[in-house]
Amino acid sequence: MADTATLMPYDEALERFEPVLGLETHVELGTGSKMFCGCSTTFGAPPNTQVCPVCLALPGSLPVANEKAIESTIRIGLALNCSIATWCRFARKNYFYPDMPKNYQISQYDEPLCTDGYLDVEVDGKIVRVEIERVHLEEDTGKSTHVGGATGRIHGADYSIVDYNRAGIPLVEIVTKPITGTDRLAPEVAKAYVTELREVMRSLGVSDVRMEQGSLRCDVNVSLMPRGSTEWGTRTETKNVNSLRSVERAVRGEIERQAAILAEGGRIVQETRHFHEDTGQTTSGRSKEEAQDYRYFPEPDLLPIAPDPEWVASLKAALPELPSVRRKRLQQEWGVSDLDMAAMHNADAIDLVEATVAAGAPAGDARKWWMGELARRANEAGTALADLPITPGDVAKVTELVASGALNDKLARQVLEGVLAGEGTPDEVVEKRGLRIVSDEGELSAIIDQVLADNADAADKVRGGKIAAVGALVGGVMKASRGKADAGRARELILEKLGVQP
Amino acid sequence: MSAITRDEVAHLARLSRLALADDELDHFAAQLDQIVGAVARVSEVAAEDIPPSSHALPLTNVFRPDEVRPGLSPEGALSGAPAVEEDRFRVPRILGEEA
């Protein structure tokens with residue numbers, strides 16, 4: 001496909017142009033049943049096993065709205081500081097495409113449930129307020145697989161096969177107002193916004209927000225205007241952005257591509273583009289078939305929604321502590337710097353550290369292990385910190401063993417390694433690998449005697465007053481004990497045996 | 001003046017994937033024009049104090065509890081499909097004419 005775009009280096013693009021962003025995020029709600037029928041929403045079921053006459057649009061079937069989905073949408077709106085409609089309706093969005101068997105999607109158009117909110121996100125130590133235009137409720141589509149052609153893409157496919165298990169799962173769409181003034185931080189602001197939104201959803205418990213399973217999906221709108229201009233440029237909409245990192249890359253890639261076109265006097269085509277995970281670039285997904293002529297009209301099969309203000313007030317009063325507030329509280333409780341807190345946030349370690357502290361570990365130790373040894377191991381294994389096969393309870397146990405003097409840090413790392421390797425709980429690993437510090441004075445004393453005999457030169461230096469030389473002897477003891485000696489006690493004993501006052 | 005033009009009917013036909021011949025476009029344009037004209041008469045009696053409605057019943061907030069109920073078996077679901085492959089509905093090429 002002749003779509004290899006010329007790019008302008010990011011720094012140059014930002015010198016010449018100013019980006020304007022818009023983000024549309026779709027969140028699949030975690031209800032047990034679908035939006036308008038009682039079919040299960042469980043992910044990964046065999047094809048067409050979670051379908052019924054309503055979500056297959058068989059004649060005579062009628063939709064009835066899921067109360068929990070309405071409630072969840074209102075709670076999302078409240079968490080995003082939105083006004084909640086006192087009266088609104090669903091609308092039919094008509095389009096001819098086999099992923100919705102009705103040939104329309106039930107959505108909301110000019111009467112969304114929630115409007116005019118905001119979400120504050122932190123980027124580079126600064127708070128950026130992202131304004132929310134609307135939050136509305138709709139239904140998800142079926143899943144198409146394109147058969148034939150070289151790439152499994154819709155273009156060039158011979159035909160498609162469709163699984164309607166996902167069709168009708170409640171889907172909330174959250175649309176920002178145009179985000180201006182982000183300047184060169186645009187990619188980071190986009191990522192920080194989706195990250196924060198995901199955490200808000202998680203704290204509300206309304207969705208499992210797993211981007212890799214598609215329960216949180218993001219469309220990224222980007223336009224550029226020349227520096228000094230106040231008139232926005234033509235925007236593109238990039239779909240298929242399925243990870244937080246991809247959100248950042250998609251914005252950056254689109255800025256570089258659009259800047260190159262504009263700099264050569266070209267025009268941006270208003271179109272849908274597809275993000276490619278492998279290259280970080282977007283390609284045109286334009287098609288006359290996607291002409292946006294949806295002929296919206298009020299859904300006659302469903303009655304209006306008129307949320308009782310008292311009910312809305314009670315939902316608001318019962319909102320959980322929001323993630324940004326919680327982070328502030330935890331930062332104070334743990335006494336960590338902004339920088340350390342931001343690092344934990346970026347590493348998705350806050351929940352883990354909190355759970356480890358709850359399991360009895362001091363905050364400093366919990367943070368040290370998760371952000372140090374365990375982060376390193378997760379990085380090596382290419383997995384998320386939370387997916388490591390170790391629990392906060394295990395980590396708390398290790399910190400306890402270190403605090404009690406049963407382990408030193410070096411042995412503790414071996415215990416963590418054993419737990420990660422599936423050798424059992426920390427206690428079991430200590431037992432199996434024989435990792436306790438040698439605290440038996442007799443055993444330690446014997447090791448020291450041997451080391452002093454083997455290192456007579458160093459021992460003489462210490463005797464002669466060069467106390468610094470004791471380090472080599474302690475090192476020898478640690479080596480001879482394979483790391484299991486208590487280094488502090490070993491040093492005391494060596495000095496004692498050599499008749500030197502420490 | 002017509003409420004709906006022949007071009008608009010052709011556009012709607014394309015969106016609906018209906019292959020209408022020239023004489024059919026004329027035929028339906030006239031019929032649709034009559035329908036749109038009839039519906040437009042509602043606005044003659046609509047007054048400020050009559051809220052627009054999309055439903056015949058004066059009801060709101062009709063919901064169902066979030067409970068899973070059994071649906072169709074895959075065999076039942078696919079029994080009316082013109083073509084089936086791998087337990088999925090097989091549909092003709094989607095972007096055929098442009099690929």
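**Figure 1. Strands 12 and 13 of chain A, with the pairing of A:Lys239 and A:His274.** In this predicted model, A:Lys239 has A:His274, in strand 13 of chain A, as its bridge partner. Strand 12 of chain A (residues 236-241) and strand 13 of chain A run parallel and are joined by three bridges. In general, the strands of a sheet pair through backbone hydrogen bonds, in either a parallel or an antiparallel manner. Strand 13 of chain A, which covers residues 272-275, has one covered face, made up of A:Arg273 and A:Phe275, and one uncovered face, made up of A:Thr272 and A:His274. This can be read alongside the general rule that side chains in a regular strand alternate between the two faces of the sheet.

**Figure 2. An open sheet with strands from chain A and chain B.** Four strands make up this open sheet, and they follow one another in the order 8(A)-9(A)-3(B)-2(B), with antiparallel pairing. At the edges are strand 8 of chain A (143-147) and strand 2 of chain B (84-85), each of which pairs on one side only. Where the sheet passes from one chain to the other, strand 9 of chain A (residues 159-163) and strand 3 of chain B run antiparallel and are joined by four bridges. Within this pairing, A:Tyr159 has B:Pro92 of strand 3 of chain B as its bridge partner. Strand 3 of chain B (residues 88-92) also pairs with strand 2 of chain B, in the antiparallel sense and over two bridges. In that pair of strands, B:Val84 is placed opposite B:Phe89, which belongs to strand 3 of chain B.

**Figure 3. The side of chain B that touches chain A.** Contacts between the two chains involve 34 residues of chain B and 44 residues of chain A. Which elements of chain B supply at least two residues each to this side? They are strand 1 (63-64), helix 4 (74-78) and strand 3 of chain B, and strand 3 of chain B gives the most, with five residues. By residue class, the side of chain B that touches chain A consists of 16 nonpolar, six polar and 12 charged residues.

**Figure 4. The packing of helix 1 and helix 2 in chain B.** Helix 1 of chain B (residues 6-15) packs against helix 2 of chain B (residues 22-40) at an angle of about 105 degrees, and their axes are 9 Å apart. Angles from 65 to 115 degrees count as roughly perpendicular, and therefore helix 1 of chain B is described as roughly perpendicular to helix 2 of chain B. From helix 1 of chain B, the contact is made by B:Arg6, B:Val9 and B:Ala10, while helix 2 of chain B contributes B:Leu25, B:Asp26, B:Phe28, B:Ala29 and B:Leu32. The residues of this contact between helix 1 and helix 2 of chain B comprise six nonpolar, no polar and two charged ones.

**Figure 5. The packing of helix 11 and helix 12 in chain A.** Helix 11 of chain A (residues 409-420) and helix 12 of chain A (residues 426-433) pack at an angle of about 110 degrees, with 9 Å between their axes. Helix 11 and helix 12 of chain A are therefore roughly perpendicular to each other. On the side of helix 11 of chain A, the contact involves A:Gln414, A:Val415, A:Gly418 and A:Val419, which meet A:Pro426, A:Val429, A:Val430 and A:Arg433 of helix 12 of chain A. The residues of this contact between helix 11 and helix 12 of chain A are divided into five nonpolar, two polar and one charged.

**Figure 6. Two residues of chain A with a positive phi, A:Asn103 and A:Asp348.** Most residues other than glycine have a negative phi. A:Asn103, although not a glycine, has a positive phi of about 70 degrees, and its place is in the loop between strand 4 (91-94) and strand 5 (104-107) of chain A. Is A:Asn103 buried or partly exposed? A:Asn103 has 14 other C-beta atoms within 10 Å and is partly exposed. A:Asp348, likewise not a glycine, has a positive phi of about 60 degrees and is found in the loop between helix 7 (338-346) and helix 8 (350-358) of chain A. With 17 other C-beta atoms within 10 Å, A:Asp348 is partly exposed.

**Figure 7. A:Trp334 in helix 6 of chain A.** A:Trp334 has its place in helix 6 of chain A, which covers residues 323-334. A:Trp334 counts as partly exposed, with 19 C-beta neighbours inside 10 Å. The C-alpha atoms of A:Trp334 and A:Glu264 are separated by 53 Å, and these residues are 70 residues apart along the chain.

Conventions. Residues numbered from 1 in each chain as written. Chains lettered and ligands numbered in written order. Predicted model: local features only at pLDDT ≥ 70, side-chain atom pairs only at ≥ 80, totals over all residues. Axes fitted to C-alpha atoms, helices over the stretch in contact; angles between N-to-C directions. Parallel < 35°, antiparallel > 145°, perpendicular 65-115°, else oblique. Contact = placed C-beta atoms within 7 Å. Nonpolar A, V, L, I, M, F, W, Y, C, P; charged D, E, K, R; others polar. Pairing = 2+ DSSP bridges. Buried ≥ 20, exposed ≤ 12 C-beta atoms within 10 Å, placed from the backbone.
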